[in-house]
Amino acid sequence: MTKEKRIRVLIAKPGLDGHDRGVKVIARALRDAGMEVIYTGLRQTPEQVVGAAEQEDVDVLMLSSLSGAHNHLFPRIMEGLRKRNMDDILVLGGGIIPQDDIPALKTAGIREIFGPGTDTRTIIDFVRAHLAQT
Amino acid sequence: MFDKDKEEAIAGGFQKWNDQFQKQLAKTPEAKARFETISGLPVNPLYTPADVSGFDYLRDLGFPGQYPFTRGVQTDMYRGRFWTMRQYAGFGSAEDTNRRFRYLLEQGQTGLSVAFDLPTQIGYDSDHPLSLGEVGKVGVAIDSVRDLGVLFERIPLDQVSTSMTINSPASILTAMYLAIGGQNGIGPEQLRGTVQNDILKEYIARGTYIFPIRPAMRIVADIIGFCAKNMPQWNSISISGYHMREAGCTAVQEVAFTVADGITYVETALKAGLGVDDIAPRLSFFFAAHQDFFEEVAKFRAARRIWARIMKERFQAKNPRSWMLRYHVQTAGCSLTAQQPFLNILRTGYEALSAVLGGCQSLHTNSYDEALALPTEEAVQIALRTQQIIAYETGVTGTIDPLAGSFYVEHMTDRIETEVEEYLKRIEQMGGVIPAIETGYIQGEIANSAYEYQKKVETKDRIVVGVNRFQIEEPPPEGLLKVRQTVGELQTEKLRILRNERSGGAVRSSLDEIRRVARSTDNLMPAIIEAVKAEATIGEICDALREVFGEYRGNKSF
């Protein structure tokens with residue numbers, strides 16, 4: 001019987017935004033759901049996020065921004081992942097991201113954006129469902 | 001509160017009522033398995049004198065404007081003057097925010113509150129690589145004293161008070177405000193306002209730190225000392241619990257960690273050679289007004305009593321003004337929902353009412369669209385009107401501390417005080433707030449509370465209307481405020497012009513002086529004031545300080 005490999009998740013705070021309540025709650029929920037979770041801490045540049053995702057060999061990358069810099073930061077992270085042939089990673093976004101900005105972020109490769117009021121179980125189910133497909 | 005015979009009669013009556021209550025429960029169980037405040041404190045079906053036995057009116061409440069200030073810090077409270085209606089505002093360029101400031105003043109707000117963007121708060125100029133995408137987004141972009149001048153154009157600084165939410169660069173913004181005052185013939189002693197300058201909570205919950213803790217605390221003490229000598233109407237610090245509450249802590253933790261921070265600031269100031277009565281009257285505080293109505297009122301009353309006792313007994317302050325906990329309140333941003341946003345008007349209304357019944361000196365009410373964006377003019381107008389309706393229409397301001405004497409509220413006030421003292425003891429045993437931050441203890445307590453709350457919402461133990469109950473299908477929101485993307489370019493151009501026009505030599509020598517003073521034990525404020533006058537930028541001044549002090553590295557625990 002094969003042993004199920006645990007899902008590895010990197011949760012990142014790109015940019016200057018210091019709001020970390022959401023990322024910490026989600027990190028704990030994912031950990032309680034059996035995933036291996038690494039949190040980058042605050043003030044990550046796109047290069048640092050990509051580097052950490054590579055170093056930690058994660059299956060999922062979650063980006064959080066509440067300061068309005070997502071249109072600048074998220075695509076740069078996606079570009080960095082592509083350059084390192086890492087765009088098979090499931091990338092999700094969260095924080096304060098206006099509806100209008102979501103289509104462009106999805107085009108850049110972010111699979112889904114989870115905004116305020118999202119249940120952590122929704123995120124857990126989404127991750128499991130999407131990784132089961134690959 | 002009552003004599004022994006009466007108390008026994010009441011206890012007997014309570015027994016009878018409780019028997020009836022239990023019989024009722026057997027027929028129709030209570031709506032919930034456990035009734036508790038949003039912070040987890042138990043809530044009984046009924047409170048009677050038995051719940052405040054040992055209550056001593058003169059010792060525990062006293063009178064407004066008198067120790068221990070449970071009933072309010074001013075003798076006349078809102079009978080004399082309402083709290084300051086002070087809406088936190090800022091976005092885009094100084095021109096954009098100046099327009100919003102003048103709008104708010106026209107609409108009847110009575111004090112200014114400045115929101116700065118993240119590059120400004122973290123000491124980066126708008127053209128720094130780390131500023132890309134962030135300029136003007138969460139507040140106004142300020143790079144130099146010229147920007148601050150534009151920010152306050154047509155606003156008489158001798159007639160309006162200004163609160164600036166700025167921490168790591170608080171010294172620089174204070175110096176800039178002094179400079180703008182000076183340019184308009186207004187002396188330091190005439191300027192009224194506050195700088196937040198509460199660096200400890202940045203490491204705990206807010207994240208706009210620059211330097212390591214100890215050098216940062218030295219700067220805080222320098223500001224407090226400088227303002228005590230030169231700016232008698234200026235609050236040199238706003239010791240804050242709001243942000244820790246937003247990060248998810250309970251009401252008890254909010255008061256406990258804020259008071260612990262306050263103790264640390266007083267100790268730091270005393271170690272720097274300042275006298276407690278020289279600085280304490282100008283310490284101010286900042287709390288949230290969250291959703292559990294009576295818990296919040298009790299929280300504010302408990303906080304006043306706790307601080308008064310600490311200042312009088314522990315720090316031996318002699319000036320009654322040193323014992324007063326004066327504070328600003330903001331209604332809880334974390335209670336706002338993106339779903340059915342008009343409901344936020346009600347949430348803010350109830351929260352604001354608890355702040356007023358709690359006796360705040362200053363109040364910001366959130367706008368209904370703020371779970372989604374910075375507020376539009378229409379939304380912030382409603383938020384301001386919310387305060388005006390409480391002030392002018394509800395009648396609650398006609399008497400002081402009207403909830404005093406409520407068995408529930410007095411019991412809760414006592415309960416919160418007791419729980420807070422537990423935390424203060426524990427933090428003391430750890431060696432104080434700084435070790436408690438370095439070990440991650442405070443951050444962990446906050447994260448635990450945040451996680452507990454999330455679980456309660458997800459199990460529907462706590463209902464959030466519109467989110468986990470009474471949901472509707474909604475179209476995407478429209479008409480939200482959008483900050484123009486070009487602010488970064490605008491600021492970059494302003495910086496180019498600034499660097500051309502100012503004296504490079506004067507800037508360089510002023511930065512040399514800052515580095516020299518930073519390495520000494522002298523007060524940094526005079527050197528920063530000179531650098532600001534020479535039109536050094538926030539980024540340049542902070543870089544000079546970074547060279548000497550280094551930078552703080554946050555951790556990765558959750």
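Reader: Leaving aside its neighbours within four places in sequence, which residues is Ile172(B) in contact with?
Author: This is a predicted model: local features need pLDDT of at least 70, side-chain atom pairs count only at pLDDT 80 or more, and totals for chains, interfaces and linings use all residues. Numbering starts from 1 along each chain as its sequence is written, with chains lettered from A and ligands numbered from 1 in the order in which they are written. Two residues are in contact if their C-beta atoms, placed from the backbone, lie within 7 Å. Beyond the four-place window, the partners of Ile172(B) are Ile528(B), Val532(B), Ile538(B) and Ile541(B).

Reader: Is Ile172(B) buried or exposed?
Author: Ile172(B) lies in helix H7 (residues 170-183) of chain B. Helices (H or I, at least four residues) and strands (E, at least two) are DSSP runs, numbered from the N terminus. A residue is buried if 20 or more other C-beta atoms lie within 10 Å of its own, exposed if 12 or fewer, and partly exposed in between, with C-beta atoms placed from the backbone. Ile172(B) has 31 such neighbours, so it counts as buried.

Reader: Which element gives the largest share of the largest nonpolar core?
Author: A nonpolar core is a set of buried Ala, Val, Leu, Ile, Met, Phe, Trp, Tyr and Cys residues joined through C-beta atoms within 7 Å. The largest has 188 residues, and those with the most contacts inside it include Ile11(A), Leu61(A) and Ile514(B). Its largest share, 11 residues, comes from helix H11 (residues 251-271) of chain B.

Reader: What is the strand order of the open sheet of 5 strands in chain B?
Author: Two strands pair if DSSP finds at least two bridges between them. S4 (residues 162-165) and S5 (residues 193-195) of chain B pair in the parallel sense over 3 bridges, with Ser163(B) bridged to Thr194(B). The open sheet has parallel pairing, in the order S2-S3-S4-S5-S6.

Reader: Which are its edge strands?
Author: An edge strand here pairs on one side only. In chain B these are S2 (88-89) and S6 (234-235).

Reader: What is the radius of gyration of chain B?
Author: Chain B holds 22 helices and 10 strands, and its C-alpha atoms fill a box of roughly 85 × 60 × 45 Å along the principal axes. The globule rule (2.2 Å times the number of residues to the power 0.38) is set against a radius of gyration taken over C-alpha atoms. For 558 residues the rule gives 24 Å; chain B is close to that, so it is as compact as a globular protein of that length, with a radius of 24 Å.

Reader: What pattern does chain A follow along the sequence?
Author: Chain A has 5 helices and 5 strands. Of its 134 residues, 51% count as buried. Read along the sequence, the elements run β-α-β-α-β-α-β-α-β-α.

Reader: Which element gives the most to the side of chain A that touches chain B?
Author: The contact takes 28 residues from chain A and 32 from chain B. On the chain A side, the elements giving two or more residues are helices H1 (21-32), H3 (70-83) and H5 (120-133). The most, 5 residues, come from H1(A).

Reader: How do the residues of that side of chain A divide into nonpolar, polar and charged?
Author: Ala, Val, Leu, Ile, Met, Phe, Trp, Tyr, Cys and Pro count as nonpolar, Asp, Glu, Lys and Arg as charged, and the others, Gly among them, as polar. On the side of chain A that touches chain B, the split is 9 nonpolar, 12 polar and 7 charged.
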